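This report covers strand pairing and charged side-chain contacts. The structure comes first, then the details.

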Amino acid sequence: MKYNYLNNLPLEEAKNKYYGHLTAVGFRGKTETAAVTDACGRIIKNAAYAHICSPHYNASAMDGVAVKAEITFTASERTPVTLTPADFTVVDTGDPLPENADAVIMVEDLIESGEGCYKIISSVVPWQNVRQVGEDICMGDMIAPSGTVLTPSLCGALLAGGITEIEVIKNPVAGIIPTGDEIVPPTSEPETGNIIEFNSTVFKGMLGEMSAEAKVYPIIPDKKELIKATVEKALSECDIVLVSAGSSAGRDDYTSEIISELGTVLVHGIAIKPGKPAVLGEAQGKPVIGLPGYPVSAIVIMDEIVREVAAMYYGRARLPRDTVKAVLSKKLVSSLKYSEYVRVSLGRINGRLSASPLARGAGVITSFTKADGVLIIPQNCEGIEAGEEIGVRLNKPLSEIENTLIVTGSHDPLIDEVSDFLAKKGAPFRVCSTHVGSMGAIYAVRDGLAHLGGIHLLDTETGVYNKSYVEKYLPDGKAVTVKGVGRVQGLMVQKGNPLGIREFRDIKNVRYVNRQRGAGTRILCDYLLEKNGLAPQDINGYHNEEFTHTAVAALISAGNADAGLGIYSAAKMYGLDFIPVCNETYEFLVDKNELENPMVRAFLDVLYSEEFKTRLNKMGGYV
């Protein structure tokens, strides 16, 4: 290695060190003058004071007639007052009030009495139905303080106050420099060894949420002089520079070295997971940040560091995220060395929020697409037990989370298909699924942490699916199984079956990929091993575990394994050969209290519909 990490600073210490330095070198946003008509969403530099009153004249607030109020004082049903054309002026809403008038009588209160006269039976008081000068805004009033974000209504108020141009903070330009020999532009057919460059697209979207503009530079190979030249170019063109990848301590990781040559490295290595390899530096009075190459790590740094840097540019404090209390559905183990950021999905079951952890790998971008929030396991904490109440920082509005159906347990693509079916039908809720195996479903439903749980647990003594497990783990009858589907389980093998696998016992001689402990497919595997006189140690890959049928199929398709148990629809999806082993019963476990939940009912109604059966038939392998 060329060098080691300079630091392993706790996050808050790293932030304080970095932001203190940026403040000291005068990092702050520049300003420009913008037309108020085009300034919605911009941030104003200084307080805005009205140039004129609004309204700036006495204006009629109604359609009707303008009069001197005192001539109406005696009007009543018994003593109506007749107004002659000399007593009034016809006005519409917004018209200036004549100099000799101080009130307006609504047209609805006028009774025609002939010869252009009107009769009235109720009086008005001075300034009734009149918008007086300065009713809304008075000249000299502060319309907005410094640092205010211009909303549509606020832009309207500025214009009403006679302000047509205003000094705003220029949107910062953040240069994004993707680096790496293996990185290629987006394509649907990448070559082996190529990695599609999508990080810059993620960063660009996040920068937009920070009111920053992104300038994406071409992909730079791992050559120090080329990266350095691009960073120098970005420093001349941008307010913030982000170098994607190259921040770790590998042989081609030059970011820290380059920043130190062009300016100052304040922090290299933060005690968070994911996100540790980040480099926080400054050059020419501008932040230069090295982002980890792994997308989830980079997103954490974008959210924790870059978002706050953008707030500093605007001279604003970053607003804290909304947090909620939720019950953790699965035990989490963590290292003592880092604060760990764990993405979770959320849903309300039996009146309380349940938090289900998603995949924790630094490269698992889908964990962020599915995440409703993030829980942070503090440094020096070994983990959190299932069932413990934890704080979750929200990524989405709580109202959206409240309308979420939580489905957990055994993986089956039909869950996603039902979710898509519901979305196309305009269902007022969303479906969030996590794959924790059939036993995971039983524990989650038992503990009130999921609405539905997919299960296919074989009782090896009776040959009956699910019944004995539900009776054993939920003896109080709290939950029931509802009809799911029959499906075909079998061995997925490479197309053409080059190894000539014919039956389950043949896995002894090949590379196998298994499912995780607690999965129904894993229980089936163990049953078949015993039935065929095989032991786990006889199988090459028995401990190679995946959480979904499609993950098993993907590894076989890629040549990383030769065989694995799974369902036919997954094999078909990947063009694999399939050797049927058995038909099984896949059901849904549901808490009795949730049976009439409209979201649960809607999910099951789709599952049982003829229209959805047609979709299952196209997927194949369901009986």
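How many salt bridges does the structure hold? The count is 34. This is a predicted model.

**Salt bridges**

Three pairs are listed here with the distance between their N and O atoms.

| Pair | N to O distance |
|---|---|
| R615 and E417 | 3.0 Å |
| K467 and E471 | 2.7 Å |
| E545 and R522 | 3.0 Å |

R615 and E417 form a salt bridge. The pair links distant parts of the chain, 198 residues apart. R615 belongs to helix α16 (residues 610-619), and E417 belongs to helix α9 (residues 413-424). E417 counts as partly exposed because its relative accessibility is 25%, and the buried class ends under 20%.

K467 and E471 form a salt bridge too. Both residues sit in helix α11 (residues 467-473). Four residues separate them, about one turn of the helix. E471 has a relative accessible area of 47%, so E471 is partly exposed; exposed residues lie over 50%.

E545 meets R522 through their side chains. E545 is in strand β34 (residues 545-546), while R522 is in helix α12 (residues 520-531). The salt bridge therefore ties together parts that are 23 residues apart in sequence. Is R522 buried or exposed? R522 counts as buried, because its relative accessibility is 5%. E545 is partly exposed, with a relative accessible area of 27%.

There is also a network of salt bridges. It links E12, K15, E209, D303, E304, R307, E308 and R393.

**Sheets**

Strands of a sheet pair through backbone hydrogen bonds, either parallel or antiparallel.

One open sheet has three strands in the order β5-β9-β8, and the pairing is antiparallel. Why is one side of β5 and of β8 left without a neighbour in the sheet? β5 (81-83) and β8 (111-114) stand at the edges, so each has a single partner strand. From one strand to the next, the twist averages 35 degrees. Three bridges pair β5 with strand β9 (residues 117-120) in the antiparallel sense. V81 has I120 as its bridge partner in β9.

Another open sheet of three strands follows the order β6-β4-β7, with antiparallel pairing. Its edges are β6 (89-91) and β7 (103-106). Each has a single partner strand, so one side of each lacks a neighbour in the sheet. The twist averages 35 degrees from one strand to the next. Strand β4 (residues 64-67) and β6 run antiparallel and are joined by three bridges. Opposite A66 stands T89 in β6.

Methods:
Residues numbered from 1 in each chain as written. Predicted model: local features only at pLDDT ≥ 70, side-chain atom pairs only at ≥ 80, totals over all residues. Heavy atoms only, no water. Pairing = 2+ DSSP bridges. Helix = DSSP H or I, 4+ residues; strand = E, 2+ residues; numbered from the N terminus. Axes fitted to C-alpha atoms, helices over the stretch in contact; angles between N-to-C directions. Salt bridge = Lys/Arg side-chain N within 4 Å of Asp/Glu carboxyl O. Buried < 20%, exposed > 50% of the residue type's maximum accessible area, 1.4 Å probe, protein only.
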